[in-house]
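Visitor: I should like to understand how the descriptions of this model are justified. Please show the structure before we begin.

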Amino acid sequence: MVGLDIGTKTIKIVELDRDGSSFSLSASGIVGFSGNSVEKIIDDKEMASIAQIIKKLHAETGASSRDVVFSIPEQAAFTRTITFPLLTDAEIASAVKWEIEQYIPIPAAEAISQHIILERNEKSSPPSVLVLLVAAPRVLVEKYTKLVQLSGLNPIAVETELIAITRCLAPVDKTSLLIDLGANSTDIAIAKNSLLCFSRSIPLGGEAFTRAVSQGLGVNVTQAEEYKKTYGLTSSQLEGKVKGALDPVLRLVVDEVKKAISFYQSEQKGEVPTAIEISGGTSGMPQIITSLTELLGIEVSVANPFARVKMDPETAKKLAPYAPLYAIATGLAMREQ
Ligand SMILES: Nc1ncnc2c1ncn2[C@@H]1O[C@H](COP(=O)(O)OP(=O)(O)OP(=O)(O)O)[C@@H](O)[C@H]1O
Ligand SMILES: [Mg+2]
(Lines give C-alpha, C1' and ligand atoms only; values in the text may rest on other atoms or scores of the structure.)
(Ligands and ions follow the chains in the order given, each with its own letter.)
Protein backbone atom coordinates (compact mmCIF):
# COMPACT_ATOMS: atom_id res chain seq x y z
CA MET A 1 0.00 0.00 0.00
CA VAL A 2 1.16 3.55 -0.74
CA GLY A 3 0.83 6.29 1.90
CA LEU A 4 0.55 9.84 0.58
CA ASP A 5 1.04 12.85 2.86
CA ILE A 6 0.37 16.17 1.14
CA GLY A 7 1.77 18.85 3.45
CA THR A 8 1.81 22.58 2.86
CA LYS A 9 5.55 22.60 2.04
CA THR A 10 6.41 19.03 1.17
CA ILE A 11 4.72 15.93 -0.24
CA LYS A 12 5.83 12.51 0.96
CA ILE A 13 5.23 9.01 -0.39
CA VAL A 14 5.97 5.69 1.29
CA GLU A 15 5.19 2.26 -0.12
CA LEU A 16 5.34 -0.73 2.20
CA ASP A 17 5.02 -4.44 1.64
CA ARG A 18 3.25 -6.23 4.42
CA ASP A 19 4.29 -9.66 5.57
CA GLY A 20 2.04 -10.67 8.45
CA SER A 21 2.70 -8.07 11.09
CA SER A 22 6.01 -6.86 9.69
CA PHE A 23 6.75 -4.42 6.90
CA SER A 24 9.43 -3.80 4.35
CA LEU A 25 10.04 -0.59 2.48
CA SER A 26 9.50 -0.83 -1.24
CA ALA A 27 9.59 2.87 -2.19
CA SER A 28 9.83 6.32 -0.68
CA GLY A 29 10.24 9.90 -1.80
CA ILE A 30 9.77 13.49 -0.79
CA VAL A 31 9.43 16.70 -2.75
CA GLY A 32 9.17 20.33 -1.71
CA PHE A 33 6.75 22.64 -3.45
CA SER A 34 5.39 26.10 -3.04
CA GLY A 35 1.85 27.22 -3.44
CA ASN A 36 -1.39 27.36 -1.57
CA SER A 37 -2.41 24.63 0.82
CA VAL A 38 -4.86 22.32 -0.92
CA GLU A 39 -7.74 23.49 1.27
CA LYS A 40 -7.44 26.99 -0.09
CA ILE A 41 -7.10 26.16 -3.78
CA ILE A 42 -10.03 27.21 -5.90
CA ASP A 43 -8.27 27.30 -9.23
CA ASP A 44 -8.32 24.17 -11.46
CA LYS A 45 -4.92 24.99 -12.92
CA GLU A 46 -3.37 25.09 -9.47
CA MET A 47 -4.91 21.72 -8.60
CA ALA A 48 -3.54 20.30 -11.85
CA SER A 49 -0.06 21.58 -11.10
CA ILE A 50 0.02 19.94 -7.66
CA ALA A 51 -1.37 16.75 -9.20
CA GLN A 52 1.51 16.84 -11.66
CA ILE A 53 4.03 17.12 -8.79
CA ILE A 54 2.44 14.12 -7.02
CA LYS A 55 2.37 12.10 -10.25
CA LYS A 56 6.04 12.81 -10.90
CA LEU A 57 7.03 11.98 -7.32
CA HIS A 58 5.10 8.70 -7.44
CA ALA A 59 6.85 7.76 -10.69
CA GLU A 60 10.29 8.71 -9.36
CA THR A 61 9.93 6.64 -6.22
CA GLY A 62 9.35 3.58 -8.40
CA ALA A 63 6.33 2.57 -6.30
CA SER A 64 4.64 -0.44 -7.87
CA SER A 65 1.12 0.26 -6.65
CA ARG A 66 -1.20 3.10 -7.53
CA ASP A 67 -3.53 2.37 -4.63
CA VAL A 68 -3.05 5.05 -2.00
CA VAL A 69 -4.17 5.93 1.48
CA PHE A 70 -3.96 9.69 1.89
CA SER A 71 -4.32 12.07 4.78
CA ILE A 72 -6.22 15.27 5.33
CA PRO A 73 -4.72 17.99 7.54
CA GLU A 74 -5.49 17.66 11.21
CA GLN A 75 -6.63 21.26 11.26
CA ALA A 76 -9.47 20.45 8.90
CA ALA A 77 -10.78 17.54 10.97
CA PHE A 78 -12.87 17.41 14.13
CA THR A 79 -11.81 14.85 16.69
CA ARG A 80 -13.76 14.27 19.89
CA THR A 81 -13.58 11.71 22.64
CA ILE A 82 -17.06 10.84 23.90
CA THR A 83 -18.07 8.83 26.96
CA PHE A 84 -21.15 6.66 26.48
CA PRO A 85 -22.94 4.44 28.99
CA LEU A 86 -22.17 0.73 28.58
CA LEU A 87 -23.89 0.21 25.21
CA THR A 88 -23.25 -2.44 22.58
CA ASP A 89 -21.12 -1.60 19.53
CA ALA A 90 -24.25 -1.43 17.37
CA GLU A 91 -25.98 0.90 19.83
CA ILE A 92 -22.94 3.15 19.89
CA ALA A 93 -22.79 3.25 16.10
CA SER A 94 -26.38 4.32 15.98
CA ALA A 95 -26.00 6.89 18.78
CA VAL A 96 -23.00 8.43 17.01
CA LYS A 97 -24.93 8.52 13.76
CA TRP A 98 -28.00 10.22 15.19
CA GLU A 99 -26.29 12.53 17.64
CA ILE A 100 -23.30 13.55 15.57
CA GLU A 101 -24.33 17.18 15.36
CA GLN A 102 -23.84 17.49 19.11
CA TYR A 103 -20.16 16.83 18.62
CA ILE A 104 -19.16 18.56 15.40
CA PRO A 105 -19.70 22.15 14.32
CA ILE A 106 -21.03 21.34 10.83
CA PRO A 107 -24.30 19.74 9.65
CA ALA A 108 -24.24 15.92 9.57
CA ALA A 109 -25.07 15.89 5.86
CA GLU A 110 -21.91 17.85 5.15
CA ALA A 111 -19.59 15.59 7.13
CA ILE A 112 -17.82 12.29 6.67
CA SER A 113 -17.25 10.56 9.97
CA GLN A 114 -15.81 7.50 11.61
CA HIS A 115 -15.70 6.29 15.19
CA ILE A 116 -13.36 4.01 17.08
CA ILE A 117 -14.15 2.32 20.39
CA LEU A 118 -11.21 3.11 22.63
CA GLU A 119 -12.09 1.46 25.90
CA ARG A 120 -14.89 -0.44 27.61
CA ASN A 121 -14.84 0.31 31.33
CA GLU A 122 -17.22 -2.27 32.75
CA LYS A 123 -15.88 -1.78 36.26
CA SER A 124 -16.01 2.02 36.41
CA SER A 125 -19.01 3.62 38.06
CA PRO A 126 -21.07 4.15 36.14
CA PRO A 127 -19.82 1.63 33.56
CA SER A 128 -18.88 3.46 30.38
CA VAL A 129 -17.45 3.21 26.89
CA LEU A 130 -14.91 5.68 25.59
CA VAL A 131 -15.32 6.46 21.89
CA LEU A 132 -13.18 8.50 19.51
CA LEU A 133 -15.14 10.32 16.84
CA VAL A 134 -13.38 11.75 13.81
CA ALA A 135 -15.19 13.83 11.22
CA ALA A 136 -14.25 16.06 8.33
CA PRO A 137 -16.11 18.26 5.88
CA ARG A 138 -17.25 16.18 2.91
CA VAL A 139 -16.20 18.86 0.40
CA LEU A 140 -12.66 18.81 1.70
CA VAL A 141 -12.35 15.03 1.51
CA GLU A 142 -13.77 15.18 -2.02
CA LYS A 143 -11.24 17.82 -2.99
CA TYR A 144 -8.33 15.69 -1.82
CA THR A 145 -9.84 12.63 -3.48
CA LYS A 146 -10.05 14.54 -6.75
CA LEU A 147 -6.45 15.66 -6.39
CA VAL A 148 -5.31 12.07 -5.86
CA GLN A 149 -7.27 10.95 -8.93
CA LEU A 150 -5.86 13.82 -11.00
CA SER A 151 -2.44 12.48 -10.03
CA GLY A 152 -3.27 9.21 -11.77
CA LEU A 153 -3.61 7.39 -8.45
CA ASN A 154 -6.37 5.35 -6.94
CA PRO A 155 -7.64 6.65 -3.57
CA ILE A 156 -8.44 3.70 -1.30
CA ALA A 157 -8.89 5.37 2.07
CA VAL A 158 -8.47 8.66 3.89
CA GLU A 159 -7.37 9.33 7.45
CA THR A 160 -6.41 12.25 9.63
CA GLU A 161 -2.70 12.84 10.10
CA LEU A 162 -2.71 11.97 13.79
CA ILE A 163 -4.48 8.63 13.27
CA ALA A 164 -1.74 7.73 10.80
CA ILE A 165 1.05 8.95 13.10
CA THR A 166 -0.38 7.04 16.04
CA ARG A 167 -0.44 3.79 14.05
CA CYS A 168 3.17 4.34 13.08
CA LEU A 169 4.70 5.61 16.31
CA ALA A 170 2.62 4.99 19.43
CA PRO A 171 4.02 2.26 21.68
CA VAL A 172 1.67 -0.54 22.73
CA ASP A 173 2.24 -0.57 26.43
CA LYS A 174 2.13 3.03 27.60
CA THR A 175 0.72 6.52 27.31
CA SER A 176 2.74 8.59 24.89
CA LEU A 177 2.57 12.01 23.37
CA LEU A 178 3.33 12.53 19.70
CA ILE A 179 3.97 15.93 18.15
CA ASP A 180 4.20 16.53 14.41
CA LEU A 181 5.95 19.83 13.83
CA GLY A 182 5.19 20.77 10.23
CA ALA A 183 5.46 23.99 8.27
CA ASN A 184 2.00 25.36 8.79
CA SER A 185 0.76 23.50 11.83
CA THR A 186 1.78 21.59 14.92
CA ASP A 187 -0.31 18.53 15.65
CA ILE A 188 -0.42 16.97 19.10
CA ALA A 189 -1.66 13.46 19.89
CA ILE A 190 -1.95 11.54 23.12
CA ALA A 191 -2.08 7.81 22.59
CA LYS A 192 -2.71 5.07 25.12
CA ASN A 193 -1.77 1.51 24.22
CA SER A 194 -1.44 2.48 20.53
CA LEU A 195 -4.85 4.15 20.35
CA LEU A 196 -5.33 7.83 19.69
CA CYS A 197 -7.16 9.31 22.70
CA PHE A 198 -6.72 13.02 22.29
CA SER A 199 -5.75 15.25 19.40
CA ARG A 200 -5.18 18.91 18.87
CA SER A 201 -3.84 21.01 16.02
CA ILE A 202 -2.48 24.52 16.28
CA PRO A 203 -1.95 26.77 13.27
CA LEU A 204 1.69 27.35 14.08
CA GLY A 205 4.73 25.58 12.66
CA GLY A 206 8.03 26.03 10.86
CA GLU A 207 6.84 29.07 8.96
CA ALA A 208 6.01 30.86 12.20
CA PHE A 209 9.51 30.08 13.51
CA THR A 210 11.02 31.50 10.32
CA ARG A 211 8.87 34.64 10.49
CA ALA A 212 9.93 35.18 14.10
CA VAL A 213 13.61 35.04 13.12
CA SER A 214 13.00 37.31 10.14
CA GLN A 215 11.27 39.91 12.29
CA GLY A 216 13.53 39.55 15.32
CA LEU A 217 16.79 39.87 13.40
CA GLY A 218 15.54 42.10 10.59
CA VAL A 219 16.58 39.66 7.84
CA ASN A 220 14.64 38.37 4.83
CA VAL A 221 12.73 35.09 4.97
CA THR A 222 15.37 33.12 3.04
CA GLN A 223 18.10 34.22 5.44
CA ALA A 224 15.82 33.62 8.42
CA GLU A 225 15.09 30.05 7.22
CA GLU A 226 18.83 29.47 6.93
CA TYR A 227 19.51 30.79 10.45
CA LYS A 228 16.67 28.70 11.85
CA LYS A 229 17.98 25.49 10.31
CA THR A 230 21.66 26.15 11.07
CA TYR A 231 21.55 27.65 14.57
CA GLY A 232 18.04 26.83 15.80
CA LEU A 233 17.82 27.04 19.57
CA THR A 234 21.58 27.02 20.14
CA SER A 235 22.34 29.82 22.58
CA SER A 236 26.02 30.18 21.73
CA GLN A 237 25.45 31.35 18.14
CA LEU A 238 24.90 34.96 16.97
CA GLU A 239 24.82 36.03 20.63
CA GLY A 240 21.74 33.89 21.14
CA LYS A 241 19.70 36.18 18.88
CA VAL A 242 18.22 33.38 16.78
CA LYS A 243 17.27 31.42 19.88
CA GLY A 244 15.84 34.62 21.36
CA ALA A 245 13.55 35.05 18.36
CA LEU A 246 12.52 31.37 18.29
CA ASP A 247 11.88 30.96 22.03
CA PRO A 248 8.50 32.76 22.23
CA VAL A 249 7.12 30.59 19.40
CA LEU A 250 8.42 27.43 21.07
CA ARG A 251 6.74 28.53 24.29
CA LEU A 252 3.39 28.76 22.52
CA VAL A 253 3.84 25.18 21.34
CA VAL A 254 4.89 24.07 24.83
CA ASP A 255 1.84 25.76 26.40
CA GLU A 256 -0.46 23.88 24.03
CA VAL A 257 1.24 20.59 24.84
CA LYS A 258 0.82 21.25 28.57
CA LYS A 259 -2.83 22.15 28.03
CA ALA A 260 -3.33 18.93 26.07
CA ILE A 261 -1.87 16.88 28.92
CA SER A 262 -3.97 18.52 31.61
CA PHE A 263 -7.12 18.26 29.49
CA TYR A 264 -6.44 14.57 28.95
CA GLN A 265 -5.90 14.09 32.68
CA SER A 266 -9.07 15.87 33.71
CA GLU A 267 -11.45 14.73 30.95
CA GLN A 268 -10.31 11.16 30.48
CA LYS A 269 -8.63 10.51 33.81
CA GLY A 270 -5.56 9.77 31.73
CA GLU A 271 -2.02 9.39 32.93
CA VAL A 272 0.73 11.89 32.18
CA PRO A 273 2.54 10.60 29.06
CA THR A 274 5.87 9.03 29.90
CA ALA A 275 7.54 9.81 26.59
CA ILE A 276 7.27 12.33 23.78
CA GLU A 277 8.21 11.67 20.17
CA ILE A 278 8.48 14.48 17.67
CA SER A 279 8.22 14.25 13.88
CA GLY A 280 7.87 16.60 10.90
CA GLY A 281 10.46 18.89 9.34
CA THR A 282 10.68 21.23 12.31
CA SER A 283 11.77 18.33 14.55
CA GLY A 284 15.18 18.81 12.90
CA MET A 285 15.72 22.21 14.49
CA PRO A 286 19.06 22.27 16.35
CA GLN A 287 18.62 21.87 20.13
CA ILE A 288 14.84 21.38 19.94
CA ILE A 289 15.09 18.08 21.82
CA THR A 290 16.93 19.54 24.80
CA SER A 291 14.71 22.65 24.84
CA LEU A 292 11.46 20.67 24.78
CA THR A 293 12.70 18.16 27.34
CA GLU A 294 13.61 20.99 29.69
CA LEU A 295 10.39 22.96 29.19
CA LEU A 296 8.07 19.95 29.45
CA GLY A 297 9.90 17.84 32.00
CA ILE A 298 9.24 14.69 29.96
CA GLU A 299 11.81 12.88 27.88
CA VAL A 300 11.59 13.94 24.23
CA SER A 301 13.08 12.08 21.28
CA VAL A 302 12.97 12.33 17.51
CA ALA A 303 10.61 9.76 16.03
CA ASN A 304 11.81 6.95 13.81
CA PRO A 305 8.85 5.93 11.64
CA PHE A 306 10.94 3.14 10.14
CA ALA A 307 11.58 1.38 13.45
CA ARG A 308 9.28 -1.48 12.37
CA VAL A 309 10.15 -1.32 8.66
CA LYS A 310 12.79 -3.57 7.10
CA MET A 311 15.09 -2.09 4.49
CA ASP A 312 18.63 -2.63 3.24
CA PRO A 313 21.39 -0.84 5.21
CA GLU A 314 22.25 1.49 2.35
CA THR A 315 18.69 2.79 2.03
CA ALA A 316 18.46 3.10 5.81
CA LYS A 317 21.57 5.26 5.85
CA LYS A 318 20.29 7.45 3.04
CA LEU A 319 16.87 7.89 4.60
CA ALA A 320 17.96 8.44 8.20
CA PRO A 321 18.20 12.27 8.07
CA TYR A 322 14.71 12.52 6.56
CA ALA A 323 13.04 9.76 8.56
CA PRO A 324 11.01 12.06 10.88
CA LEU A 325 9.36 13.62 7.82
CA TYR A 326 7.88 10.26 6.85
CA ALA A 327 5.84 9.54 9.99
CA ILE A 328 2.44 10.31 8.45
CA ALA A 329 3.08 8.65 5.08
CA THR A 330 4.45 5.53 6.81
CA GLY A 331 1.46 5.33 9.15
CA LEU A 332 -0.88 5.64 6.18
CA ALA A 333 0.95 2.86 4.33
CA MET A 334 0.67 0.63 7.43
CA ARG A 335 -3.12 0.79 7.38
CA GLU A 336 -4.83 -2.56 7.04
CA GLN A 337 -7.18 -3.00 4.15
N1 LIG B 1 16.77 21.31 10.08
C2 LIG B 1 15.66 22.02 10.24
N3 LIG B 1 15.52 22.91 11.25
C4 LIG B 1 14.40 23.62 11.44
N5 LIG B 1 13.34 23.54 10.63
C6 LIG B 1 13.41 22.68 9.59
C7 LIG B 1 14.55 21.89 9.34
N8 LIG B 1 14.31 21.14 8.22
C9 LIG B 1 13.07 21.47 7.81
N10 LIG B 1 12.53 22.40 8.62
C11 LIG B 1 11.20 23.04 8.51
O12 LIG B 1 10.24 22.02 8.39
C13 LIG B 1 9.09 22.52 7.71
C14 LIG B 1 8.64 21.49 6.70
O15 LIG B 1 8.28 20.34 7.42
P16 LIG B 1 7.22 19.30 6.87
O17 LIG B 1 7.68 18.78 5.58
O18 LIG B 1 6.96 18.35 7.97
O19 LIG B 1 5.97 20.28 6.64
P20 LIG B 1 4.60 19.99 5.89
O21 LIG B 1 4.18 18.60 6.16
O22 LIG B 1 4.71 20.39 4.46
O23 LIG B 1 3.69 21.05 6.65
P24 LIG B 1 2.27 20.89 7.33
O25 LIG B 1 2.16 19.50 7.84
O26 LIG B 1 2.26 21.89 8.44
O27 LIG B 1 1.31 21.21 6.26
C28 LIG B 1 9.50 23.85 7.08
O29 LIG B 1 8.91 24.91 7.79
C30 LIG B 1 11.02 23.86 7.27
O31 LIG B 1 11.52 25.17 7.49
MG1 LIG C 1 2.90 17.71 7.52
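Visitor: What share of the contacts in the protein chain with a separation of 6 or more is accounted for by residues 24 or more positions apart?

Guide: The share is 68%, where a contact means two C-beta atoms, placed from the backbone, within 7 Å. This is a predicted model, in which local features need pLDDT of at least 70, side-chain atom pairs count only at pLDDT 80 or more, and totals for chains, interfaces and linings use all residues. Residues are numbered from 1 along each chain as its sequence is written, while chains are lettered from A and ligands numbered from 1 in the order in which they are written.

Visitor: Why is the protein chain called as compact as a globular protein of its length?

Guide: Its radius of gyration, taken over C-alpha atoms, is 20 Å, close to the 20 Å that the globule rule gives for 337 residues, so the description holds. The rule is 2.2 Å times the number of residues to the power 0.38.

Visitor: What makes β2 and β3 a pair?

Guide: Strands are DSSP runs of E with at least two residues, numbered from the N terminus, and pairing requires at least two bridges found by DSSP. Ten bridges join β2 (residues 10-19) to β3 (residues 22-32), and the strands run antiparallel. E15 has A27 in β3 as its bridge partner.

Visitor: How do you know that β3 also pairs with β14?

Guide: Two bridges link β3 to β14 (residues 309-310) in the parallel sense, which meets the minimum of two. There, F23 stands opposite V309 in β14.

Key. Helices (H or I, at least four residues) and strands (E, at least two) are DSSP runs, numbered from the N terminus.
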